Amino acid sequence: MSQTDAPAPTQSRGLEGVTALDTELSFIDGQKGELLYRGYGIQDLAENTSFEETAYLLWKGSLPTQAQLDELNAQLREARPVHPDLLDHLRHHTPKDANPMAAMRTALSMLAAYDDEADVMDAEANYRKAVRLTAKLPTLVAAFDRIRKGLDPVAPKQEGSTAHDFLYMLNGEEPGPAAEAIMDAALVLHAEHGLNASTFTARVISSTLSDMYSAVVGAMGALKGPLHGGANIEVMKTLLKLDESGQSAQDFVDEKLAKKEKIMGIGHRVYKTLDPRAVILRDMLEDLSEEKGETKWLEMSDTIRTTVKETKGLDANVDFYSASVYYLLGIETDLYTPIFAISRMTGWTAHLLEQWEDNRLIRPRAEYVGPRGLTVTPVAERG
Ligand SMILES: CC(=O)SCCNC(=O)CCNC(=O)[C@H](O)C(C)(C)COP(=O)(O)OP(=O)(O)OC[C@H]1O[C@@H](n2cnc3c(N)ncnc32)[C@H](O)[C@@H]1OP(=O)(O)O
Ligand SMILES: O=C([O-])CC(=O)C(=O)O
């Protein structure tokens, strides 16, 4: 049978329900609201592992021993500084009002030029690149934020956890233990989620045997979109606007739904119930709200969520409560998606390592629905 005679492949709008490949990285039960990374429940991981342990689990397939964790922490700390040219680029060649995801997409791409192993495609080199990318992105995000505020970037301490060093570089002062613990848990929660749009993008790119940097730059582009990782920024914008307007959360939702507009942070392609990460993030928000004496974001969010659930049967996703958590930590709204990327870098790169273990070009088909049999009219005769 020739290629053109081949039976039409399974088709589904937005590839909904299509299984593209096997993975050992995560399992999602969208009906029950269950998420496992390599067999471990997300709640267990968020409560009992650090981001670095989770990263190791994703990359290597098992939780690290203390010695393995110490080694990974040392590698991450060592790799945190970025080449001065990158800081110069952020300082002198990146507009202060640039979209942070665009700035980071470019910075990630530039990192490749400073990595001697960028195009080395063996598994060990690719693992080392995954570690370096995970180490350097927090430094770049923090440097970008400080430079645009007219401040000097703060060099990484290269001592504590990713969460600790990131908050330290961002604010120029040591984070308290509560802030560090919240950031660490948020990084665990966002690390991996199957064939989401950005991970799929990364895997498609990697399946051409292009390099890890190219794949994560593409993934950054996909994550930026408001239907994906960009939703956490939109959630906070919505809450801030609602707060300013004085409109009730209930009226706001009714109005939006009547106009057939989407409520950001709600709905998910896979979860048909509450996202298990949203449960954990809501608990984190509740604790933080009490600690800060600021409960309005939680109250507004809960009303929005209940109203959409009652009207449309849709529930909150990971981006819904994370927005207010980051807000109460004092983080700039437009950094929420870059923070998501800091975490998801581990999932993306783990998928790339998995893809290259047994690579096959990812190349689906499109059903042609345009005309056929047209013939060219000379340009002078076209009207
Ligand atoms: C990390 C992440 O990427 S999590 C997702 C983050 N994205 C968001 O929060 C953006 C808001 N949510 C959405 O846009 C969607 O729920 C998506 C894109 C996440 C998944 O949606 P899909 O599976 O493609 O569903 P689709 O967009 O086709 O919607 C199906 C129906 O639910 C409705 N719907 C879906 N999400 C929402 C929402 N957030 N608000 C209101 N209605 C919604 C649609 O309007 C549609 O209704 P209809 O059948 O009456 O026309
Ligand atoms: O899985 C998805 O479609 C979106 C995503 O990345 C997540 O929920 O973490």
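Here is a short conversation about this predicted model.

Reader: Which domains does the domain assignment of the chain give?
Author: Happy to start there, since the rest builds on it. In this predicted model, the assignment gives two stretches, 26–222 and 340–357, to one domain. Residues 231–328 form the other. The names are domain 1 (26–222 + 340–357) and domain 2 (231–328).

Reader: How many residues of domain 1 are in contact with domain 2?
Author: The C-alpha centres of the two domains lie 26 Å apart. On the domain 2 side, 17 residues take part in the contact. On the domain 1 side, the number is 16 residues.

Reader: Which element gives the most to the side of domain 1 that touches domain 2?
Author: The elements giving two or more residues to that side are β2 (34–37), α1 (42–48) and α8 (177–189). The residues of that side divide into 10 nonpolar, 5 polar and 1 charged. The element that gives the most, with 5 residues, is α8.

Reader: Where does the largest nonpolar core lie with respect to domain 1 and domain 2?
Author: This core has 99 residues, and those with the most contacts inside it include L189, L281 and V325. Helix α16 (residues 336–357) gives the most to the core, with 10 residues. Domain 1 and domain 2 both give residues to the core, so its place is between them.

Reader: Which residues does L281 touch, not counting those up to four places away in sequence?
Author: L281 is a good one to look at, as it is among the residues with the most contacts inside the largest nonpolar core. Two of its partners, L189 and V325, are also in that group. The full list is L189, V318, Y321, S322 and V325.

Reader: Which residues does the UniProt annotation "active site" cover, and why do they gather at one spot?
Author: The annotation comes from an unreviewed UniProt entry and covers H268 and D319. They span 52 residues in sequence, yet their C-alpha atoms are no more than 10.4 Å apart, so they gather at one spot. The residues asked for are H268 and D319.

Reader: Is H268 buried or exposed?
Author: H268 lies in the loop between α12 (249–258) and α13 (276–292), and it touches D275 and N317, leaving out residues up to four places away in sequence. A residue needs 20 or more C-beta neighbours within 10 Å to count as buried. H268 has 22 of them, so it is buried.

Reader: And D319, is that buried or exposed?
Author: D319 sits in helix α15 (residues 318–328). Beyond four places in sequence, its contacts are A231, N232, V235 and G265. With 29 C-beta neighbours inside 10 Å, D319 is buried.

Definitions and conventions:
Residues are numbered from 1 along each chain as its sequence is written. Chains are lettered from A and ligands numbered from 1 in the order in which they are written. This is a predicted model: local features need pLDDT of at least 70, side-chain atom pairs count only at pLDDT 80 or more; totals for chains, interfaces and linings use all residues. UniProt positions are given in the numbering used here, feature names are shortened, and annotations may be inferred rather than shown by experiment. Helices (H or I, at least four residues) and strands (E, at least two) are DSSP runs, numbered from the N terminus. A residue is buried if 20 or more other C-beta atoms lie within 10 Å of its own, exposed if 12 or fewer, and partly exposed in between; C-beta atoms are placed from the backbone. Two residues are in contact if their C-beta atoms, placed from the backbone, lie within 7 Å. A nonpolar core is a set of buried Ala, Val, Leu, Ile, Met, Phe, Trp, Tyr and Cys residues joined through C-beta atoms within 7 Å. Domain bounds come from an automatic or database domain assignment. Ala, Val, Leu, Ile, Met, Phe, Trp, Tyr, Cys and Pro count as nonpolar, Asp, Glu, Lys and Arg as charged, and the others, Gly among them, as polar.
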